[in-house]
Amino acid sequence: MGDLSMKKMNKKMTWLIGILILTLALAGCSSSAQGPSETAKEDPPYPTRQIELVVPAGPGGLTDLTARAVADYVSKKWNQPILVVNKPGAGNVTGLQYGLMQGKPDGYTVVADNIAASVLMVAGMKNPPIKLEDRIFVSKFVENPMCFSVAADSQFKDMKELVEWTKKSPEKLTHTSLSATSMNALTAAELCKAIGVDYKQTQPILVTSGSEGITMIAGGHAILGDQSVQETYPLAAGGKLKVLAIAAKERSPLFPDVPTCQELGIDIDVTWYGGISAPKGTPDYIVKKWDETIAEMVKDQDFINKMNELHANISYLNTADYNASIKEQVERYTQLFDSIGVRQ
C-alpha cells in the first residue's frame, strides 16, 4: 500500500508541475502578444495645430527676418501653420516673458532667440528677469559676425591706424551702442581688451536702433562703427562707410577683401547669432523634433538661398553643443562686463 500511495503522489506532483509550466508558458505568450506599444507609451502626435514663433523684437531686423524663413520652412515640412508673433520691448524681455514664461511648455509656443536676449542679458545683469534655466536652447541656425567701420572720408585708412590712434587717445574714441551690455558694447570692449586700452576711457553713445548707430558713423557723428556685417553692408556698398576689419575668425563673404582682426594680430572673435528656444519643461520628443528639423533645414537649398538674400550666415549647433556654447560664453562675458564696470 505504501508503494501505491507513493506512486499516486508522484503522478499528482507531475500533473501539478505540468499545469504550472503550461500556465507560465501561456502567460509568456500573452505578454509577448501585447508588444512594446502596450508596455511603453508612444509619443503623442506633434504638431496637430498652429504654432506661435515669438520674436522678441520688432519686424524687419535679422532676428525677425530669419525667424520668418524658419517658419516658412518648418510649416511646409510639418504641414501646420507657424505664426510669427513680434513682441518687442524692454530689451527683449517683453517677448521672452510672453514666449517662455507665459507660453505653455507644449511645443506650440517657441522663441526666436539670440545672443543679446540670452547670453548678454544674463552676463550683463546680476538678477536678469529671464534666466538661462527658464528656457531650453534647442538649436542654433544663423550667425552674423561683427565688424569695425568708419566713415568713408575718415582719416583712418586701415585698422592699424585706428588702433594706434586709440592707444594714444582712448578718451577721444566715440562709438555707438544700444546699451551698456549690447553687442556693440561687447564688440568695442573686446577690441579695447585685445589692444590694451581701458574701455572705460572711451566714449560710447547710446542709440535707439542699429540703423541709427550706423547712420551716425557714416555721417561722421561718431568715429568707430561696431555693428554686424549685415547692418554695415548697405551703407558700405553705397560708399558711405569704410570697413576696416571683421571681428570674427573668418572673412565675410560680403567683404571678402577685408581682413579679420586675427589676421591683424588682434585676438577677438565676436559674432551675433540666433536660434530657437522653448519654454522650460517642453517634452524631450518635441525638442528633438525641432532640432532634427532645423538640422535638415540648414541643408535645404531654398533656405540657403533665403539666408544669402538676408546676408546671414547659416551656422548650426545641435541642442547639446548649443547649450554648452552658451554656458561658456556667459562665464566669459560676465567677467568682461564686470571688468569694465557695466554689469548691473
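Trainee: Which residue in β9 is the bridge partner of D113?

Mentor: In β9 the bridge partner of D113 is G275, where β9 is a strand in the DSSP sense (strands are E runs of at least two residues, helices are H or I runs of at least four, both numbered from the N terminus). This is a predicted model, in which local features need pLDDT of at least 70 and side-chain atom pairs count only at pLDDT 80 or more, while totals for chains, interfaces and linings use all residues. Residues are numbered from 1 along each chain as its sequence is written, and side-chain values use heavy atoms, with hydrogens and water left out.

Trainee: What makes strand β3 and β9 a pair?

Mentor: Two strands pair if DSSP finds at least two bridges between them, and β3 (residues 109-114) and β9 have four, in the antiparallel sense, so they qualify as a pair. Strand β4 (residues 135-145) also runs antiparallel to β9, with nine bridges joining them, and I136 has A278 as its bridge partner in β9.

Trainee: How many of the residues of strand β9 are buried?

Mentor: Nine of the nine residues in β9 (residues 271-279) are buried, the term meaning under 20% relative accessible area, with exposed over 50% and partly exposed in between (1.4 Å probe, protein chains only). Across the protein chain of 344 residues, buried residues make up 47%.

Trainee: Why is T174 called buried?

Mentor: T174 has a relative accessibility of 18%, and therefore counts as buried. T174 lies in strand β6, which is covered on both faces, with T174 and T176 buried on one side and H175 and S177 buried on the other.

Trainee: What does T174 touch, not counting residues up to four places away in sequence?

Mentor: T174 touches Q203, I205, A222, I223 and L224, contact meaning heavy atoms within 4.5 Å. With I205, T174 is 31 residues apart in sequence and 6.9 Å apart in space, C-alpha to C-alpha.

Trainee: How do you know that β6 and β7 are parallel partners, and where does S177 stand?

Mentor: Four bridges join β6 (residues 174-177) to strand β7 (residues 203-206), and the two run parallel; S177 stands opposite L206 in β7.

Trainee: What makes β6, helix α7 and β7 a right-handed unit?

Mentor: The test is the path from the first strand over the helix to the second, which must run clockwise with the strands pointing away from the viewer. The β-α-β unit of β6, α7 (residues 183-195) and β7 is right-handed, so its path runs clockwise in that view. In the loop between β6 and α7 sits T181.

Trainee: Why is T181 called buried?

Mentor: The relative accessible area of T181 is 17%, so T181 is buried. Leaving aside neighbours within four places in sequence, T181 is in contact with L120, G124, F337 and V342.

Trainee: Is N86 in strand β2 buried, partly exposed or exposed, and what is the relative accessible area?

Mentor: N86 has a relative accessible area of 22%, and is therefore partly exposed. N86 is found in β2 (residues 82-86), and beyond neighbours within four places in sequence it is in contact with V55, A57, G58, P59, D64 and R68. Strand β1 (residues 51-55) pairs with β2 in the parallel sense over five bridges, I51 having I82 as its bridge partner in β2, and β1, helix α3 (residues 62-78) and β2 make a right-handed β-α-β unit.

Trainee: Why does the largest nonpolar core lie between domain 1 and domain 2?

Mentor: Of the 76 residues in that core, F141, M159, I276, W290 and Y333 touch the most other members. Domain 1 (49-143 + 270-338) and domain 2 (146-262) both give residues to this core, so the core lies between them. The domain bounds come from an automatic or database domain assignment, and a nonpolar core is a set of buried Ala, Val, Leu, Ile, Met, Phe, Trp, Tyr and Cys residues joined through side-chain atoms within 4.5 Å.

Trainee: Which residues is M159 in contact with, leaving aside its neighbours within four places in sequence?

Mentor: M159 is in contact with F148, L191, L244, A245, L264 and I266. A second, separate core of 13 residues includes C147, V229, L241 and V258.

Trainee: What pLDDT does the protein chain average?

Mentor: The average pLDDT, the predictor's confidence in each residue from 0 to 100, is 90 for the protein chain, and 88% of the residues score at least 70. Over residues 1-10, however, the pLDDT is below 50, and this stretch has zero contacts in the model beyond near neighbours in sequence. Residues 15-39 also have a pLDDT below 50, with two contacts beyond near neighbours in sequence.
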